Amino acid sequence: MPEAGGMPATSLASRSLAAVWHPCTQMQRAAAVPPLAIVRGEGPWLFDDTGRRYFDTSSSWWVNLFGHADARINAALKDQLDTLPHVMLAGCTHAPAVELAERLSALTDGVLGHCFFASDGASAVEIALKMSFHYWRNRGHATKREFVCLRQGYHGETLGALAVTDVAVFRDAYDPLLMRSHQVMSPDARQALPGETAADVALRAAAELQALLAESHEHIAALILEPLVQGATGMAMHDPAYLRAARALCDQYEVLLIADEIAVGCGRTGTFFAFEQAALPGQPQIWPDLTCLSKGISGGYLPLSLVLSRDRIYEAFLDDDVARGFLHSHSYTGNALACRAALTVLDRFAQDDVLRHNRQHAARLTAALAPLKTDARIEHLRQTGMIWAFDVCEPLVGPRFAERFHLAGRERELLIRPIGRTVYLMPPYLLDERLSSWLAERVLATLDDVLNQTFTDLDNADRPPEPPTA
């Protein structure tokens, strides 16, 4: 017998609604917009229990870099499964964790290292925040216990991460539980005043940061930011000038700099670490003090996050006193299967020249989306690396825009979830010319479907009611 939404009571979607509390979902709406029952993945495609396919436009929440059921990652995990699925990392070690830490450090030319493993992005942020405070305490500066974050920034939904997050829908309900943080202007290039460039906006934001640090640096442990793209607020993109300024100001005022590369790392912005784009051409590379990495690092297979730190931070915890050590832990820290998946991701970057190919992919899709440049219905068309976004003009959005766009996308074989009125694409690194053209055509058609429906609804709302029929 059918249940709400016309779903059979035995369907996977119906069973899910009865048993699962879905993330980032108002469950009151879930019966009207039931979850897709996905049974198989192959490359950039997901297949539901009716056999319909959907292009995974967001890489399954920004994690799936090389497609679903990737043969090389599958083979590596099968081998690791037969060797060592897991052992605790307290008092033990294993080759996948050691090699992953070594190889990630090498990607920073050894500036960052001593990899501390966790499970998810918010956990990595919690670790970085705790390390920052504890570092200063171990150095005799226990008053440095406050944090600076950017307006519109997002760093996760555990309590410490929420305290440095400025996305109201995630934060506001829990505000009474949170420590207070300092918020400074975002360098979001959409804030440009007439005649301003993105770099001008970045420097204007940096001036606000400087004013805060000049006044309060004795109490501030760290600044945390998302390099180049603030994801959850709607893919707010900024000029690298802000990273250079932030690095210089943190050095000047003795404040640690935390780069949250959870969403923007692993090649997503065009370099393996987004922070690699901070230095001017021909100038020495600059790095943060702590880097958080997650999502794409395991290729979309297993929960894994990590924090890389400078030697001076690690060394501040070395002491005969156990309490001066960093005692944070969880049972699956450095899980061998997850680390092996991450090693295979790094192999793909090294063997397949992924970053060069991504530049070609990006050029193809950018060209295919060119009609949006002159579309008066949208604004702020933007792209960084393998991230594309545009905002639908406010008067045209209408009710439940993101939901309606998501449902219209399903009808055109897209799994797509706008953020507010921002439509974005973060596809797996598998685009070719044919697929880029197909994807752009489907996105543009979905936009037409949704906005035409909005206009129809508005027109109907302005009309007098029809006379009753007999």
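This tour moves from the whole protein chain to a handful of residues that can be selected one after another.

**The whole chain**

Begin with everything displayed, and keep in mind that this is a predicted model. In cartoon view the protein chain shows 15 helices and 16 strands. Measuring tools in the viewer can be set against the extent of the C-alpha trace, which along its principal axes spans about 90 × 60 × 45 Å. The radius of gyration of the protein chain is 23 Å, which agrees with the value near 23 Å that a compact globule of 470 residues would have.

Next, switch on the surface. The protein chain exposes about 21,300 Å², and carbon and sulfur atoms supply 55% of that area. Of the 470 residues, 51% count as buried. If you colour by charge, you will be looking at 42 positive and 56 negative charges, whose mean positions are 2 Å apart. As for how the chain folds back on itself, among contacts between residues at least 6 apart in sequence, 70% join residues at least 24 apart.

**First stop: Arg171**

Hide the surface and select Arg171, which has its place in helix 8, residues 168-171. Is this arginine buried or exposed? Arg171 counts as buried, because its relative accessibility is 8%, which falls under the 20% cut-off. Show its side chain and follow it to two backbone oxygens: the side chain reaches that of Leu162 at 3.0 Å, and that of Thr165 at 3.1 Å. Expanding the selection to residues in contact, and leaving aside neighbours within four places in sequence, brings in Leu162, Ala163, Val164 and Thr165 on one stretch of numbering, together with Leu178, Arg180, Ser181 and Gln183.

**Second stop: Leu228 and Val229**

Move on to Leu228, in the loop between strand 7 (220-225) and strand 8. Its phi is near 75 degrees, a positive value in a residue other than glycine, and Leu228 is buried, with a relative accessible area of 3%.

Val229 has its place in strand 8, residues 229-230, and is likewise buried, with a relative accessible area of 2%. Which residues does Val229 touch, not counting those up to four places away in sequence? They are Met235, Ala236, Met237, His238, Val264, Thr269, Thr384 and Ile387. For a sense of scale, draw a C-alpha to C-alpha distance from Val229 to Val33: the two are 196 residues apart in sequence and 30 Å apart in space.

**Third stop: Arg377 and His380**

Now select Arg377, found in the loop between helix 13 (354-368) and strand 13 (378-384). Display its side chain along with those of two aspartates, since both are joined to Arg377 by polar contacts between side chains: the one with Asp375 is 2.8 Å, and the one with Asp448 is 2.7 Å. Leaving aside neighbours within four places in sequence, Arg377 is also in contact with residues including Asp391, Val392, Cys393 and Leu396, and with Leu447 and Leu451.

Finish at His380, which lies in strand 13. Its phi is near 60 degrees, again a positive value in a residue other than glycine. Where Leu228 is buried, His380 counts as partly exposed, because its relative accessibility is 34%, a value between the 20% and 50% cut-offs.

Definitions and conventions
Residues numbered from 1 in each chain as written. Predicted model: local features only at pLDDT ≥ 70, side-chain atom pairs only at ≥ 80, totals over all residues. Heavy atoms only, no water. Helix = DSSP H or I, 4+ residues; strand = E, 2+ residues; numbered from the N terminus. Rg over C-alpha atoms; globule rule 2.2 N^0.38 Å. Buried < 20%, exposed > 50% of the residue type's maximum accessible area, 1.4 Å probe, protein only. Contact = heavy atoms within 4.5 Å. Areas by Shrake-Rupley, 256 points an atom, 1.4 Å probe, with all protein chains shown as cover. Lys, Arg positive; Asp, Glu negative; His and termini not counted. Charge placed at Lys NZ, Arg CZ, Asp CG, Glu CD. Polar contact = N/O pair within 3.5 Å; in protein donor to acceptor, adjacent residues only side chain to side chain.
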